[in-house]
Amino acid sequence: MIKTNTGPRLSFEVFPPNSQVGVDNLTNTLDELKDLDQSFISVTCSNHKLDYEKTTIDLAAYVHDTLECPTMVHMPAAYVTKQEVSRILDQLEEMHIDQVLALRGDIIEGFTPEKDFRYASDLTAFIKQVKPNFTVSGACYPEVHPDSKNRIDDVKHLKQKVDSGCDQLITQLFYDNDQFYRFQEECAIADINVPILAGIMPIINRKQALHVLENCAASLPKKFLAILDKYKDNPVALKEAGIAYAIDQIVDLVTNDVDGIHLYTMNKSDTARHIYQNTASLFDLDDVKK
Ligand code: FAD
């Protein structure tokens, strides 16, 4: 269930590594998040069904049982059947995990999707039908999903997704808060009234910075581009400036009454901890753990 509180919430996203060494490193770093009072940790999933149980479910079990943290599991549906989803939902229920981020997933060229879930809204409705007590979140795109013809269609489809049973939305990463505020207004006009958690991804190294510059569809403000340019050959400064930029975004969002911040941690607990410690008083967290 979504944690009940009155102020904005802070949550983290982690992803399953693709090797045993990666798993060991990740569990060590995750242990460093154990004493933080995040609202939940979400565990991503590759869009490949055969990997799902060995990777996402295993990591989700670790977050839930060892970190004792409310856990959300990402579930892309394009390449799975209703029968497979039912089995995984039963497994999650047995593990006492009742939060799912219902996704369509990307359509991969050369692979024909299954027919059971065409859009994330189909998966959302199905989960709500078979597990009415589950909390279902959905993805949203302040700067429009790349498959959409235009903003209007994108928001109309989002409204359908929410009406199919979404309890809250989590945004794609963005670096320009004004894009988020515009999107919030469009949602309000479309009568989309569920909480919208803002997805924030701090830049912490050159490889990631280059990836963002080359592939990110998000608007990149002048101030942000200047940081990437000036510190591209200074890893320590790039990381510090990237984290400071993310904190600046978070302070502005919380000051403007955002429902929550979902931090894309890139599996870096030191970054997550640093941001947590520097923003904890802004959130509705347990006083003891601030
Ligand atoms: P949908 O909500 O189904 O939307 C997809 C497209 O279809 C949009 O353009 C939408 O406007 C359109 N559409 C929706 N309904 C209709 C309709 N009725 N008629 C016509 N068009 C429609 N991917 C992963 O593989 N694994 C992850 O763990 C993962 N985690 C993510 C977490 C977040 C917070 C976000 C924002 C994205 C994540 N993704 C992940 C990426 C996501 O799977 C892709 O962006 C995917 O292309 C779309 O998924 P969706 O759930 O948003 O799809």
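Biologist: Which residues of helix α8 are the buried ones?

Modeller: In this predicted model, helix α8 covers residues 222-230, and its buried residues are Phe224, Ile227 and Leu228.

Biologist: What makes you say that the buried residues of α8 line one face of the helix?

Modeller: Look down the axis of α8: its buried residues fall within an arc of 95°, so they line one face. On the other side of α8 sit Lys222 and Lys230, which are exposed. Exposed here takes a relative accessible area over 50%.

Biologist: Okay, cysteines next. How many disulfides turn up in the whole structure?

Modeller: The search finds 0 disulfides. Take Cys45: the nearest cysteine sulfur belongs to Cys166 and is 17 Å away. A disulfide needs the two sulfur atoms within 2.5 Å, so Cys45 is in no disulfide.

Biologist: And how do you know that Cys166 has no bond to its closest cysteine?

Modeller: The closest cysteine sulfur to that of Cys166 is in Cys140, and the separation is 8.9 Å. Set against the cut-off of 2.5 Å, that is too far for a bond.

Biologist: Why is Cys166 called buried?

Modeller: Because its relative accessibility is 5%, and buried means under 20%. Cys45 passes that cut-off as well: its relative accessible area is 14%, so Cys45 is buried.

Biologist: On to the ligand. What makes the pair between Cys45 and the ligand a polar contact?

Modeller: A backbone N or O atom of Cys45 lies 2.6 Å from a nitrogen atom of the ligand. The limit is 3.5 Å between N or O atoms, so the pair counts.

Biologist: Which side chains come up to oxygen atoms of the ligand?

Modeller: Lys161 is one of them, with a side-chain N or O atom 2.7 Å from a ligand oxygen. Asp154 is another, with a polar side-chain atom 3.0 Å from an oxygen atom of the ligand. Both distances are within 3.5 Å, so both pairs qualify as polar contacts.

Biologist: How much of the ligand does the protein bury?

Modeller: Taken alone, the ligand exposes 980 Å², and the protein buries 85% of that.

Biologist: Which elements give two or more residues to the shell around the ligand?

Modeller: Those are β3 (71-76), β4 (99-103), α5 (151-163) and β6 (168-171). The largest share, 4 residues, comes from α5.

Biologist: What is the whole shell made of, by class?

Modeller: There are 25 residues around the ligand, and the closest are Cys45, Asp106, Tyr141, Ser148 and Lys161. By class, the shell has 10 nonpolar, 10 polar and 5 charged residues.

Definitions and conventions. Residues numbered from 1 in each chain as written. Predicted model: local features only at pLDDT ≥ 70, side-chain atom pairs only at ≥ 80, totals over all residues. Heavy atoms only, no water. Near = heavy atom within 4 Å. Polar contact = N/O pair within 3.5 Å; in protein donor to acceptor, adjacent residues only side chain to side chain. Areas by Shrake-Rupley, 256 points an atom, 1.4 Å probe, with all protein chains shown as cover. Nonpolar A, V, L, I, M, F, W, Y, C, P; charged D, E, K, R; others polar. Buried < 20%, exposed > 50% of the residue type's maximum accessible area, 1.4 Å probe, protein only. Arc of directions from axis to C-beta.
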